[in-house]
Amino acid sequence: MTDSTIDALNRKLDRLIEAVARLAPPPVPQTDIAAADCFVWQADPGYLEPVRKVNRVDIGLIRGVDRVRDILVDNTERFAAGFAANNVLLWGARGMGKSSLVKAVHAEINAKAKSDLPLKLIEIHREDIDTLPKLMGLLKAAPFRVILFCDDLSFDHDDTSYKSLKAALEGGVEGRPTNVIFYATSNRRHLLPRDMIDNERSTAINPSEAVEEKVSLSDRFGLWLGFHKCSQDEYLDMIDGYVRHHGLEIDPETLRAEALEWATTRGSRSGRVAWQFTQDLAGRLGKPLKD
């Protein structure tokens, strides 16, 4: 065999090796839970992605939910201090600051904490709930206390992943790790469609047992914090808080009239609508909003 033939074979082998390497899955990034205070769980391939800049607002700007805010702060403070605390379901009217409150409370607790081990916030997407046991297995040996957070949690008719959530929260042999707590937001108090529960009641051999199976998921949350539609005064108070915080200068009567017109055109009043109005106002005034 000539040298040129050997060289040609070597080149072909090199290309074959490169092609096989491209087909192999990339290595799973190493999770460093000390790298940040907030993470997003990437179920595939299975690691925690740090979030350097969290999308949240100051807790002082969340208005109209004072009672549930204080309950959530108290529960989170106890958990961060190493004491007993409950899983929390924040349910109710859309746009009233459920997810914003979770992120704001996390920041508030860490700002006041004296410990060298800050509280961690990890978001898990709704579609990755069935990987929750894997994530908890990753976290149970961590030296940090962790809030697992799922925004807009609910389940459809043919979705059985709620059983994985039930087992991860309170069931199973191991149970929930002591350094992990679960916070979820939902528009539904029972997380399942009402007609799904009604169907179970009407078709099951033992209706009460079937319904118990469906609604017992919510029972895994020791705290149910309800968020309800705000009044006009609460809506205007939200806008006043945003306007002062961002230094927007506008006549109070003009602000009130424009804010009410904005809510009327949207057909609702909520913290989200108040924030959307504030963004529109800042744009019209040519003023940047604070980070």
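This is a short dialogue on reading the sheet, helices and buried residues of a predicted model.

Biologist: Before we start, what kind of model is this?

Modeller: It is a predicted model, in which local features need pLDDT of at least 70 and side-chain atom pairs count only at pLDDT 80 or more, while totals for chains, interfaces and linings use all residues. Residues are numbered from 1 along each chain as its sequence is written, and side-chain values use heavy atoms, with hydrogens and water left out.

Biologist: How many helices and strands does the chain have?

Modeller: Helices (H or I, at least four residues) and strands (E, at least two) are DSSP runs, numbered from the N terminus. Here the chain has ten helices and seven strands.

Biologist: What order do the strands take in the sheet?

Modeller: Strands of a sheet pair through backbone hydrogen bonds, either parallel or antiparallel. Two strands count as paired if DSSP finds at least two bridges between them. In this model, seven strands form an open sheet with mixed pairing, in the order 2-1-4-5-6-3-7. Strand 2 (47–50) and strand 7 (223–227) are at the edges with a single partner strand each, so one side of each has no neighbour in the sheet. On average, neighbouring strands are turned by 25° against each other, direction ignored; axes are lines fitted to C-alpha atoms, for helices over the stretch in contact, and angles run from 0 to 180 degrees between N-to-C directions.

Biologist: Which residue is the bridge partner of Val 40 in strand 4?

Modeller: That is Glu 123. Strand 1 (residues 38–42) and strand 4 (residues 120–123) run parallel and are joined by three bridges. Strand 4 also pairs with strand 5 in the parallel sense, over four bridges, and there Leu 121 stands opposite Ile 147.

Biologist: Is strand 5 enclosed or not?

Modeller: Buried means under 20% relative accessible area, exposed over 50%, and partly exposed in between (1.4 Å probe, protein chains only). Five of the five residues of strand 5 are buried, so the strand is largely enclosed by the rest of the structure. Val 146, Leu 148 and Cys 150 point one way, and Ile 147 and Phe 149 the other way. Across the chain, buried residues make up 41% of the 291 residues.

Biologist: Which strands does helix 4 lie across?

Modeller: Contact means heavy atoms within 4.5 Å. Helix 4 (residues 132–139) lies across strands 1, 2, 4, 5 and 6, running at about 165° to strand 5.

Biologist: How do helix 9 and helix 10 cross?

Modeller: Angles under 35 degrees count as roughly parallel, over 145 as roughly antiparallel, 65 to 115 as roughly perpendicular and the rest as oblique. The axes of helix 9 (residues 252–266) and helix 10 (residues 271–285) come within 10 Å and cross at roughly 125°, and the two helices are therefore oblique to each other. Among the residues that meet, helix 9 offers Leu 255 and Trp 262, and helix 10 offers Phe 277 and Leu 281.

Biologist: What lies in the loop between helix 9 and helix 10?

Modeller: Ser 270 lies there, and it counts as buried at 6% relative accessibility. Its contacts, not counting residues up to four places away in sequence, include Arg 94, Cys 230 and Tyr 235.

Biologist: Where is Leu 165 placed?

Modeller: Leu 165 is in helix 5 (residues 162–169), buried with a relative accessible area of 0%. Leu 165 and Ile 129 are 36 residues apart in sequence and 6.6 Å apart in space, C-alpha to C-alpha. Leu 165 also touches Phe 155 and Phe 182, among others.
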